[in-house]
Amino acid sequence: MRVVIIGATGHVGGYLVPRLVGAGHEVVGVSRGISDPYRADASWDHVERISLDREQGDADGTFAGRIADLEADVVIDMVCFTRDSAAQLVEALRGRVDHLISCGTIWTHGHAAEVPVGEGEARQPTDTYGIGKLQIEDLLLAESARPGGLPSTVLHPGHITGPGWHMINPAGNLDPDVWHRLAVGEELLLPNFGLETVHHVHADDVAQSFQLALENRAAAVGEGFHVVSERAITLRGFAESVAGWFGRTANIRFVPFEEFASATDPRHAAATREHISRSPSMSIDKARRSLGYTPSYTTLRAAAEALRWLAEHGEVDLAGAEFHGA
Ligand SMILES: NC(=O)c1ccc[n+]([C@@H]2O[C@H](COP(=O)([O-])OP(=O)(O)OC[C@H]3O[C@@H](n4cnc5c(N)ncnc54)[C@H](OP(=O)(O)O)[C@@H]3O)[C@@H](O)[C@H]2O)c1
């Protein structure tokens, strides 16, 4: 198939492009051309690269038409954030493309009620990002159900993790000092009882889900799927496991969230609140059943691989602690 990927050089594209090229698909990668692919790979030699700025092209109404003119069988949209942007793409692709696969987020759910959360649960996103992604999904799945509509699928990753960038840590934020504290046995503050959850997914497992949706079109069209690791993890369980990677017992002090927030850099405290106020724990049963999705990474394996990369590239200071990994 001829596959256009909008946002091809990002975290997920770094794994998706080699997968699709390796499977014999003809890949066209669209981006502004500002960033290099996250992962260098020989498969990029076989990719047609197109430089387009979606924001600018959406504003002047040219972006969607340029994508349609690429004459793809399948369009994978990694970077759509508003209903208007999705609507422009749908209008241009209808009747010209066999399948649109769009990247959503588990943030469309807002806070959880019963866990693990299924795709059919009531959704109450709490921020502009989650609301926008839910509006996109509603638009695409309604379009898909319409006679003559554009067949579409939406895939919802959790916290995307992998070598090359910082990932959500056991305090539910991106503070590199959390890894340091656990590695050297310093005290780590955790909010409440540390039993709120985060739910990661390795970028290659997200890529797997896009490849499966593309290659199992009949099962994927008209559907949304969660794409996360097998199971979510509690902050406490995460912290204890990470300390164990360094042969230590985690030195955790549990404090009420307000005390945690006042002792933490406001950016990191806000990120923790963002994560634990939702405490995602998503079900992958539907993706497993319909698409054959089988995550290769647990949350801990994904985090260990990413942490090893951060340490090797000087992005975290583990003070020379011996790292045994997950
Ligand atoms: N990060 C997470 O944990 C997480 C969790 C759930 C869902 N998601 C979803 O994952 C998707 C992002 O995937 P990702 O993490 O693989 O992407 P990413 O690493 O953020 O990379 C973004 C890609 O899009 C390109 N891009 C950015 N702005 C662009 C523009 N204006 N026009 C054209 N191309 C543009 C970038 O290349 P250039 O810079 O060269 O243009 C790059 O190829 C989003 O839909 C996000 O909502 C992320």
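The buried residues of helix H13 pack against strand E7, helix H6 (177-184), strand E10 (200-202), strand E12 (233-234) and helix H9 (235-245). This is a predicted model: local features need pLDDT of at least 70, side-chain atom pairs count only at pLDDT 80 or more, and totals for chains, interfaces and linings use all residues. Residues are numbered from 1 along each chain as its sequence is written.

**Helix H13**
- H13 covers residues 299-312, 14 in number. Helices (H or I, at least four residues) and strands (E, at least two) are DSSP runs, numbered from the N terminus.
- From first C-alpha to last, H13 reaches 20 Å, close to the 20 Å expected at 1.5 Å a residue. The expected span is 1.5 Å times one less than the number of residues.
- Its buried residues are Thr299, Leu300, Ala302, Ala303, Ala304, Ala306 and Leu307. Buried means 20 or more other C-beta atoms within 10 Å of the residue's own, placed from the backbone.
- Gly314 follows H13 and has a positive phi, near 70°.

**Ligand shell**
- Of the 23 residues around the ligand, Gly7, Gly10, Ser31, Arg32 and Arg54 come nearest. Here the cut-off is a C-beta atom, placed from the backbone, within 6 Å.
- Helix H2 (54-59) and strand E7 (159-161) each give two or more residues to the shell.

**Domains**
- The domain assignment gives domain 1 (2-160 + 200-227) and domain 2 (163-199 + 233-279 + 298-312).
- Their contact takes 10 residues from domain 1 and 12 residues from domain 2. Contact means C-beta atoms, placed from the backbone, within 7 Å.
- The centres of domain 1 and domain 2, taken over C-alpha atoms, are 29 Å apart.

Definitions and conventions
Buried ≥ 20, exposed ≤ 12 C-beta atoms within 10 Å, placed from the backbone. Contact = placed C-beta atoms within 7 Å. Domains from an automatic or database assignment.
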